Amino acid sequence: MSARRNLSIGLAVVIVVGAIYGLVHALAGSWHEVRTALSQANWVLLAAGLLVAMVSVVGLAQRWHATMRALGAEVHLHQSSRWFMTGQLGKYAPGGVWHIVGQGELANRGGVSRSVAYSSVILSTITLVRSEEHTSELQSHHDLVCRLLL
C-alpha cells in the first residue's frame, strides 16, 4: 500500500472515531433528556422519517451522478453512489468544504477528471440549495393560504 493510501485510511479512521466519540459524549452528557425523549417518542413517525431520509440521500446521490454524466463523465451509478456516501462523511468534519473535497477527490481517483468531479459537486450543491429555497417559498405561501382560510 502506498503512503498516501495509508494516510487516507488513517485520516478516515480518525474522523470516524472522532464522530463516534462526539456522539457518545453528547449522549452521555444529556442522557436524562435523551431517555425521556425516547420514552415519549412515536416510533412509527421515527421509522417513517428514517425511511424518507434514506430515500432523500439516495436521490441526492442520483442527482450528483446525473450531473457528472451531464458534464461528460462515464461513471456507473453504483460507483458514484459509493463516492457520494463516503464524501458526505466530510460534513461532520470542522469546516464547510470537506464533503466537496471528499466527493471530488473520490471521483477523481475513480477516473473522473478533476474539473468535472469538482464542478459536478458544486453544481449539484447549488441545485440543492436553490431547490431548498423554492421549497421554503412554497411552504411560506402554503402557510399564508392556511392562515387566510382558517
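**View 1. The lining of the largest pocket, sorted by class, has 10 nonpolar, 5 polar and 4 charged residues.** The close-up is drawn from a predicted model, and the pocket shown in it encloses about 710 Å³ of space. Of the 19 residues that line the largest pocket, those lying nearest its centre are Ser8, Ala12, Thr86, Leu106 and Arg109. Three helices, namely α1, α4 (77-87) and α5 (98-109), each contribute at least two residues to this lining, and the largest share, amounting to 8 residues, is supplied by α1.

**View 2. The second largest pocket has a volume of about 170 Å³.** The elements that each give two or more residues to the lining of this second largest pocket are α3 and α4. The residues lining the second largest pocket are Val57, Leu60, Phe84, Met85, Gln88, Leu89, Lys91 and Tyr92. Sorted by class, the lining of the second largest pocket comprises 6 nonpolar residues, 1 polar residue and 1 charged residue.

**View 3. Trp98 and Gln88 are shown together, with a separation in space of 8.2 Å from C-alpha to C-alpha.** Along the sequence, Trp98 and Gln88 are 10 residues apart. Trp98 belongs to helix α5, whereas Gln88 is one of the residues that line the second largest pocket. The relative accessible area of Trp98 is 43%, and this residue is therefore classed as partly exposed, given that the partly exposed class lies between under 20% for buried and over 50% for exposed.

**View 4. A nonpolar patch on the surface is formed by Leu23, Leu27, Trp31, Leu38, Trp43 and Leu46.** Taken together, the residues of this patch present about 610 Å² of accessible area. The elements giving two or more residues to the nonpolar patch are α1 (3-29), α2 (31-40) and α3 (43-70). Among the members of the patch, Leu46 is located in helix α3, and Leu46 counts as partly exposed because its relative accessibility is 44%.

**View 5. A salt bridge joins the side chains of Glu74 and Arg69, with an N to O distance of 3.7 Å.** This contact falls within the 4 Å cut-off that is applied between a side-chain nitrogen of Lys or Arg and a carboxyl oxygen of Asp or Glu. The two partners fall into separate accessibility classes, since Glu74 counts as exposed at 69% relative accessibility, while Arg69 counts as partly exposed at 41%.

**View 6. A salt bridge links the side chains of Arg114 and Glu105 at 3.0 Å, N to O.** Here Arg114, with a relative accessibility of 44%, counts as partly exposed, whereas Glu105 is buried because its relative accessible area is 16%. The structure as a whole holds 2 salt bridges, and the pair formed by Arg114 and Glu105 is one of them.

**View 7. The setting for the close-ups is a protein with 6 helices and 0 strands.** Followed along the sequence, these elements are arranged in the pattern α-α-α-α-α-α. Of the 150 residues in the protein, 19% are buried, and Glu105 is one example of a buried residue.

Notes:
Residues are numbered from 1 along each chain as its sequence is written. This is a predicted model: local features need pLDDT of at least 70, side-chain atom pairs count only at pLDDT 80 or more; totals for chains, interfaces and linings use all residues. Side-chain values use heavy atoms; hydrogens and water are left out. Patches are made of residues with over 30% relative accessible area and no salt bridge: like charges are joined within 9 Å, nonpolar side chains (Val, Leu, Ile, Met, Phe, Trp, Tyr) within 5 Å. Accessible areas come from the Shrake-Rupley method with a 1.4 Å probe; for residues, only the protein chains shown count as cover. Helices (H or I, at least four residues) and strands (E, at least two) are DSSP runs, numbered from the N terminus. Buried means under 20% relative accessible area, exposed over 50%, partly exposed in between (1.4 Å probe, protein chains only). On a 1 Å grid over the protein atoms alone, a cavity is a set of points where a 1.4 Å probe fits but cannot get out, and a pocket is an open set with protein on both sides within 12 Å along at least five of seven lines; lining residues have an atom within 4 Å of a point. Grid points are joined across faces, edges and corners, and a volume is the space filled by probe spheres set on the points. Ala, Val, Leu, Ile, Met, Phe, Trp, Tyr, Cys and Pro count as nonpolar, Asp, Glu, Lys and Arg as charged, and the others, Gly among them, as polar.
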